[in-house]
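The following exercises concern a single protein chain. Each task is followed by a solution that proceeds step by step.

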Amino acid sequence: MFRTAFITLAALSLAACGETGHEADHDTMDHGNMDHGAMEHATPSAEALAPLPDDGVSPVINIRAAWMRPHPNGRDVTAAYVVVRLDAGAADRLTGAMIDGAERVELHGHIIGEGGMMQMRPIGPQDVTNEGPLVFTPGGRHLMVFGLPTVVEGDSVNGQLMFERAGTVDVTFEVRAMPPGNVTDY
Ligand SMILES: [Cu+2]
């Protein structure tokens, strides 16, 4: 009995080391805590969204640097990232995402919560304008992917991003441990 408990603890601490060894595993680690059940039921911020301007130009959406972290051991939650640029039109709005094989995908952001701890929460639709790309990156906005069968580095996973004006845009996420270059490159 005692011996079993010891072995279990040793295994846990090894797993913890492995996770913290990844530079920015922050997002998936956040999901390892017990807050997550509560967050699932949190409602996205309810600020009224201004209607998008109708500039008469069909928006052209350009998606870059789509990637997803491998699942942390034993978890079925992971984070995906993407950079969305508007190549034509004045504005569009990202309203949601789907990933093939996943139960659901939520748009998440971070806030500074109690005690100065970073916490994530679902966020509402995100505007994409011609003032600059809409960036999902570690430590910031991310797509939280629930219930996807385990992915490992080297896999690629198809999905769709949904926009208010442009409709559904296909995207392929590369599964990798590190971001594909610097966000400023995109
Ligand atoms: Cu999250």
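The model is predicted; the mean pLDDT of the chain is 79, and 72% of its residues reach 70 or more.

**Exercise 1. Confidence along the chain**

Identify which element has the lowest mean pLDDT, which has the highest, and over which residues pLDDT stays under 50.

Solution.

Step 1. Helix H1 (residues 2-21) has the lowest mean pLDDT among the elements of the chain, at 35, whereas E9 has the highest, at 98.

Step 2. Over residues 1-46, pLDDT stays under 50, and for this stretch the model has 34 contacts beyond four places in sequence.

Step 3. Where pLDDT is low, the predicted coordinates should not be read in detail.

**Exercise 2. Overall organisation**

State how many helices and strands the chain has, and in what pattern they follow one another.

Solution.

Step 1. The chain contains three helices and 10 strands.

Step 2. Read along the sequence, their pattern is α-α-α-β-β-β-β-β-β-β-β-β-β.

Step 3. Of the 186 residues, 24% count as buried.

Step 4. When contacts between residues at least 6 apart in sequence are considered, 73% of them join residues at least 24 apart.

**Exercise 3. Strand pairing around E9 and E10**

Determine which strands pair with E10, in which sense, and over how many bridges.

Solution.

Step 1. Strand E9 (residues 156-163) pairs with E10 in the antiparallel sense over eight bridges. A hairpin of three residues joins E9 to E10, and within this pairing Val157 has Phe173 of E10 as its bridge partner.

Step 2. Strand E1 (residues 60-68) runs parallel to strand E10 (residues 167-175), and two bridges join them. Here the bridge partner of Trp67 is Glu174 in E10.

Step 3. E9 also pairs with E3, in the antiparallel sense and over five bridges; Ile99 is bridged to Gly159 in E9.

Step 4. E3 in turn pairs with strand E6 (residues 126-129), again antiparallel, over four bridges, and Arg93 has Asp127 of E6 as its bridge partner.

**Exercise 4. Two residues of E3**

Decide whether Ala97 and Leu94 are buried or exposed, and list the residues they contact beyond four places in sequence.

Solution.

Step 1. Ala97 lies in strand E3 (residues 91-99), as does Leu94.

Step 2. The threshold for a buried residue is 20 or more other C-beta atoms within 10 Å. Ala97 has 24 such neighbours and therefore counts as buried. Leu94 likewise has 24 other C-beta atoms within 10 Å, so Leu94 is buried.

Step 3. Beyond four places in sequence, Ala97 is in contact with Val105, Leu143, Gly159, Gln160, Leu161 and Met162. For Leu94 the corresponding list is Val84, Pro125, Gln126, Val128, Leu134, Leu161 and Phe163.

Step 4. Ala97 and Leu143 are 46 residues apart along the chain, yet their C-alpha atoms are separated by 7.8 Å. Leu94 and Ala166 are 72 residues apart along the chain, with 9.2 Å between their C-alpha atoms.

**Exercise 5. The largest nonpolar core**

Describe which residues of the largest nonpolar core touch the most other members, and which elements contribute to this core.

Solution.

Step 1. The core has 29 residues, of which Ala80, Val82, Leu143 and Val145 touch the most other members.

Step 2. Two or more residues are given by each of E1, strand E2 (77-88), E3, strand E4 (104-112), strand E8 (142-146), E9 and E10. E2 supplies the largest share, six residues.

Step 3. Val82 touches Ile63, Ala65, Ala66, Phe136, Leu143 and Val171, leaving aside residues up to four places away in sequence.

Step 4. In soluble globular proteins, nonpolar side chains tend to be buried together.

**Exercise 6. Ala65 and Asp76**

Establish where Ala65 and Asp76 lie, and whether each is buried or partly exposed.

Solution.

Step 1. Ala65 lies in strand E1. Because 21 C-beta neighbours lie inside 10 Å, Ala65 counts as buried.

Step 2. Phi of Ala65 is near 50°, a positive value in a residue other than glycine.

Step 3. Asp76 is found in the loop between E1 and E2. With 14 other C-beta atoms within 10 Å, Asp76 is partly exposed.

Step 4. Beyond four places in sequence, Asp76 touches His71, Phe146, Gly147 and Leu148. Asp76 and Pro149 are 73 residues apart in sequence, but 6.9 Å apart in space, C-alpha to C-alpha.

Technical notes. Residues are numbered from 1 along each chain as its sequence is written. This is a predicted model: local features need pLDDT of at least 70, side-chain atom pairs count only at pLDDT 80 or more; totals for chains, interfaces and linings use all residues. Two strands pair if DSSP finds at least two bridges between them. A residue is buried if 20 or more other C-beta atoms lie within 10 Å of its own, exposed if 12 or fewer, and partly exposed in between; C-beta atoms are placed from the backbone. Two residues are in contact if their C-beta atoms, placed from the backbone, lie within 7 Å. A nonpolar core is a set of buried Ala, Val, Leu, Ile, Met, Phe, Trp, Tyr and Cys residues joined through C-beta atoms within 7 Å. pLDDT is the predictor's confidence in each residue, from 0 to 100.
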